[in-house]
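Biologist: Please put the model on screen. I will ask about strands, then cross-links, then charges.

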Amino acid sequence: QVQLVESGGGLVQAGGSLRLSCAASGSIFSINHMGWYRQPPGKQRELVGVIVGGGSTNYADSVKGRFTISRDNAKNTVYLQMNSLKPEDTAVYYCNAAVVTTGWGKPADYWGQGTQVTVSS
């Protein structure tokens, strides 16, 4: 069993910053990609960005230049640094990880419980 626990959400004014963290624990052999998704009110879940094991990153156009994903492989933790926040960034943010639980297994997707980020204008 694998658990992803997020932290760092909250209320911030437009132009401010927040840093989200997501720690994976449990029966982990290795983790392929880790990433962040968000679900704005009344909308579908969307990709924010992803980071692979080697450190390469990919971001949604809406957050490029403002958000940065980083990863601490030793701690099985992924971070999302959010700067220059806008009201349209308001959403529940979810952590995602592709985890291999045994040496011969294929990666499976796991999700965190979500953390609310609210940006006031």
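**Strands, cross-links and charges**

Modeller: Strand E7 (residues 67–72) and E8 run antiparallel and are joined by six bridges. Strands here are DSSP runs of at least two residues (E), and helices are runs of at least four (H or I), numbered from the N terminus. This is a predicted model: local features need pLDDT of at least 70, side-chain atom pairs need pLDDT 80 or more, and totals for chains, interfaces and linings use all residues. Residues are numbered from 1 along each chain as its sequence is written, and side-chain values use heavy atoms, with hydrogens and water left out.

Biologist: Which residue in E8 is the bridge partner of Phe 67?

Modeller: Strands count as paired if DSSP finds at least two bridges between them. E7 and E8 have six. In E8, Phe 67 is matched with Met 82.

Biologist: Which residue in the hairpin of E7 and E8 takes a positive phi?

Modeller: The hairpin has four residues between its strands. The positive phi is near 50°, and the residue that takes it is Asn 76.

Biologist: What is the strand order of the open sheet?

Modeller: E8 also pairs with E3, again antiparallel, through six bridges. One partner pair there is Leu 20 with Leu 80 in E8. The sheet has four strands with antiparallel pairing, in the order E1-E3-E8-E7.

Biologist: Which are the edge strands, and what is the average twist?

Modeller: An edge strand pairs on one side only, and here these are strand E1 (2–7) and E7. Twist rests on axes fitted as lines to C-alpha atoms, for helices over the stretch in contact, with angles from 0 to 180 degrees between N-to-C directions. From one strand to the next, the average is 15°.

Biologist: How many residues of E8 are buried?

Modeller: Buried means under 20% relative accessible area, exposed over 50%, and partly exposed in between (1.4 Å probe, protein chains only). Strand E8 covers residues 77–82 and is mostly covered. Of its six residues, the buried count is five.

Biologist: Why is the disulfide of Cys 22 and Cys 95 left-handed?

Modeller: A disulfide is a pair of cysteine sulfur atoms within 2.5 Å. The structure holds one, joining Cys 22 to Cys 95 with S to S at 2.0 Å. It links distant parts of the chain, with Cys 22 in strand E3 (residues 18–26) and Cys 95 in strand E9 (residues 91–100), 73 residues apart. Both cysteines are buried, and the disulfide is left-handed because the torsion about its S-S bond is about -80°.

Biologist: Which residue forms a salt bridge with Arg 38?

Modeller: A salt bridge needs a side-chain nitrogen of Lys or Arg within 4 Å of a carboxyl oxygen of Asp or Glu. By this rule there are four. Arg 38 is buried at 4% relative accessible area, while its partner is partly exposed at 31%. The closest N and O atoms are 2.7 Å apart, and that partner is Glu 46.

Biologist: How many residues apart in sequence are the parts that Asp 89 and Arg 66 tie together?

Modeller: Their side chains meet in a salt bridge, 2.7 Å from N to O. Asp 89 lies in the loop between E8 and E9, Arg 66 in the loop between strand E6 (57–59) and E7, so the parts are apart by 23 residues.

Biologist: Is Asp 61 buried or exposed?

Modeller: Asp 61 forms a salt bridge with Lys 64, with N and O 3.1 Å apart at the closest. Lys 64 is partly exposed at 47%. Asp 61 has 64% relative accessibility and counts as exposed.
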